[in-house]
Amino acid sequence: MSYNILETSIEYLKGVGPKRAELLKKELNIFTFGDLLTYFPFRYIDKSKIYKVREITSDMSYVQLRGEITNIQLIGKSRAKRLSAYLKDETGVIELVWFKGIKWIKDKFKPGEEYIVFGKPTIFNRKFNIPHPEIELISEQHDSLSKSFQAFYSSTEKLKSRGLGSKGISKLIGNLVLKINGEIPENLTENIIKNLKLISREQALNNIHFPENQYILQKAKARLKFEELFFIQLRLLKKKYIRIQKIKGHIFSVVGDYFNCFFKNNLPFELTNAQKKVIKEIRKDIGSGKQMNRLLQGDVGSGKTLVALMSILIAIDNNYQACIMAPTEILANQHFETISKMLKGMDISVELLTGSTKTSKRKIINENLLNGNLQILIGTHALIEETVKFKNLGLVIIDEQHRFGVAQRAKLWKKNIIPPHILVMTATPIPRTLAMTLYGDLDFSIIDELPPGRKPVKTYHLYDSKRLKVFGFIKKKIEEGRQIYVVYPLIEESEKLDLKYLMDGYESIIREFPLPEYAVSIVHGKMKSADKDFEMQRFIRGETQIMVSTTVIEVGVDIPNASVMIIENAERFGLSQLHQLRGRVGRGADQSHCILMTDYKITNDGKKRLETMVRTSDGFEIADVDLKLRGPGDIQGTQQSGILDLKIADLIKDEKILKYSRNLAIEILKNDPNLEHKENFPLAKQLKSFEKNKVNWGLIS
Ligand code: ADP
Ligand code: MG
């Protein structure tokens, strides 16, 4: 079969036509039969149950009633206008109200007939009513497709105004299912279906929309969830295997003088076991002849920089150049300084390249890159400008992954015929499930151990009313010689106001901590980069005791003497951001503190975030809570991917299926990397069809 009926344009479906087709495309991204068929319901309701008015309670999320509709009347004028009606059964009456689409609904009523009414009961003026219920004439209710389980689809205002609310969509899907029955191709292998006891694809797709009972609905869900996650994994892993087959990597075969000399003379401390383990994993990769694409996750302060540096030393031991790319100038500076310091006494050339590097200096750097005299280049995205050309770039380290787009990673690749090894470092722990899906084609290393002697940061949540106490605490800490961060939120949407809060906060702090006894720095995104740097340097040198800032200091900054982090309006920060910010302290030997300041008004999610911060400092646990609170679509860095537009699977609830499907994909590809065996044809075909239809699984790598 060469033509796949699921690829038919949606306008050819009975009940659609060009106008509705246009809307379906625009509003729901439904272009084809297949798109509609996989537009899954978001919930189901057991429509066999009909309640009595008297049985209604306030905790019902929906109720289905049956009775006569009376007293239909318009109440109020213009904007306050509403349509009110009463439903009456043997046990009582309840008001139904509509605020929108009034005329349309009003014209629909047929007095004296019995209706089924369905909606969410709410309490208004101490009585129940049902706003915007669905209503249906009993006499019209028995169309062939309304089974006892009714599926609900999300829709949009525009679609609703064209008769494509949940019910309209359901009807279209009904037409579709009738039309394509018997023609839905199976896309899994016989073996998989048999071993996992799955129902067929056709059965699953029918029953996800029109389930006859709970049991078959569960079977349908299980099959479709597996299918969704399995094909994501299969696709990512296939890409990875092809890359390994096709793309050679530089072979760093020796561990030489640079590495050994550093290890013997310069290493300031014992490596942690986790660091050793990760360095071993990296060494194995870069010695293997395949190109390394590794994601290194390690909590803030876990010592990723050292791992990066030791990998770099292996690269230059093998006569290759290496670079580190950091997301901000401050961080690039800091890496440059740390690394220069650590390499003291060794004959290794290191340079810094950022937006503020002078043209004359740039010229020298470029020259030395090309002739190979420069071994390590550290910088911001200035590194990926066209003019920056390496003689033989062997290793690229990307720090703080989520700040960089995918396209930028690709650019670095292009700098060599044989691509350099790539190590992406992130301090934002990503839940395993998310990592597998989002970065499924990368290898992972995890540093799951902090250097010894670190005391966990003590974290408190305080209300604004305790501000004087906080000032007192700051004074005490400054007397002990410590430094303090005070961080304010700044988001684009409310930038002006946020900046005002920041400046107000800054002023109240300099009033409380006046010169000459105290000195306060301020850094925010609206300042010139040179000014930011100047203030940052003052704080680093210990000339100022308090740093008031926005989240520009969020990533990477390492000032061991700073031991107090105060986060203002903490409820407005996301969990991973709070965790990052807290990671700025706790880097020295002293006990550190993190104070989360808030108003009394906090959302439930906000409370959960604060509680989590107070309870734990385990980055992976925090990432898990974050994922649960926000859903994968909102986690930093995932938006760019689109891969997480999962239609039915859930990365949190379906973790087991995900792991299983990944292992299965690995097993299949091990035996048949190009999916050429006959039994795997359905899989190959499905992947091809995804490619053709540009299924959203964007540009992950
Ligand atoms: P991050 O993983 O957040 O980038 P860094 O690399 O900045 O962490 O390391 C945090 C701090 O821990 C640095 O001051 C570094 O010198 C120190 N450090 C790194 N590894 C060790 C170790 N094995 N033992 C003791 N201190 C270490
Ligand atoms: Mg770092």
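Let's start small: Q321 stands opposite L393 in strand 14. That pair is a handy way into this model, which is a predicted one.

Now zoom out a little. Strand 11 covers residues 321-325 and strand 14 covers residues 393-399; the two pair in the parallel sense over 5 bridges. Both belong to an open sheet of 7 strands with parallel pairing, and the order across that sheet is 12-13-11-14-15-10-16. What happens at the edges, where strand 12 and strand 16 stand? Strand 12 (350-353) and strand 16 (443-447) each have a single partner strand, so one side of each is left without a neighbour in the sheet. Neighbouring strands here are turned by 20° against each other on average, if you ignore direction.

There is another open sheet to look at. This one is formed by 6 strands, again with parallel pairing, in the order 17-22-21-18-20-19. Its edges are strand 17 (458-463) and strand 19 (520-523); each has a single partner strand, so one side of each has no neighbour in the sheet. The average turn between neighbouring strands of this sheet, direction ignored, is 20°. Inside the order you'll find strand 18 next to strand 20. Strand 18 (residues 483-487) and strand 20 (residues 546-549) run parallel and are joined by 4 bridges. If you want a spot to click on, try V487, which stands opposite S549 in strand 20.

How is the protein divided up? The domain assignment gives domain 1 (49-147), domain 2 (257-447) and domain 3 (458-616). Between the C-alpha centres of domain 1 and domain 2 there are 64 Å.

Next, the ligand. How many residues surround ligand 1? There are 16, and the closest are E270, G301, K304, T305 and R454. Sorted by type, the shell around ligand 1 has 4 nonpolar, 6 polar and 6 charged residues. Here are some contacts made by oxygen atoms of ligand 1:

| Residue | Part of the residue | Distance to an oxygen atom of ligand 1 |
|---|---|---|
| G301 | polar backbone atom | 2.6 Å |
| S302 | backbone N or O atom | 3.4 Å |
| R454 | side-chain N or O atom | 2.7 Å |

So is ligand 1 mostly covered or mostly open? On its own, ligand 1 has 560 Å² of accessible area, and the protein covers 84% of that. Two of the residues in the table, G301 and R454, are also among the closest to ligand 1.

Key
Residues numbered from 1 in each chain as written. Chains lettered and ligands numbered in written order. Predicted model: local features only at pLDDT ≥ 70, side-chain atom pairs only at ≥ 80, totals over all residues. Heavy atoms only, no water. Near = heavy atom within 4 Å. Polar contact = N/O pair within 3.5 Å; in protein donor to acceptor, adjacent residues only side chain to side chain. Areas by Shrake-Rupley, 256 points an atom, 1.4 Å probe, with all protein chains shown as cover. Nonpolar A, V, L, I, M, F, W, Y, C, P; charged D, E, K, R; others polar. Domains from an automatic or database assignment. Pairing = 2+ DSSP bridges. Axes fitted to C-alpha atoms, helices over the stretch in contact; angles between N-to-C directions.
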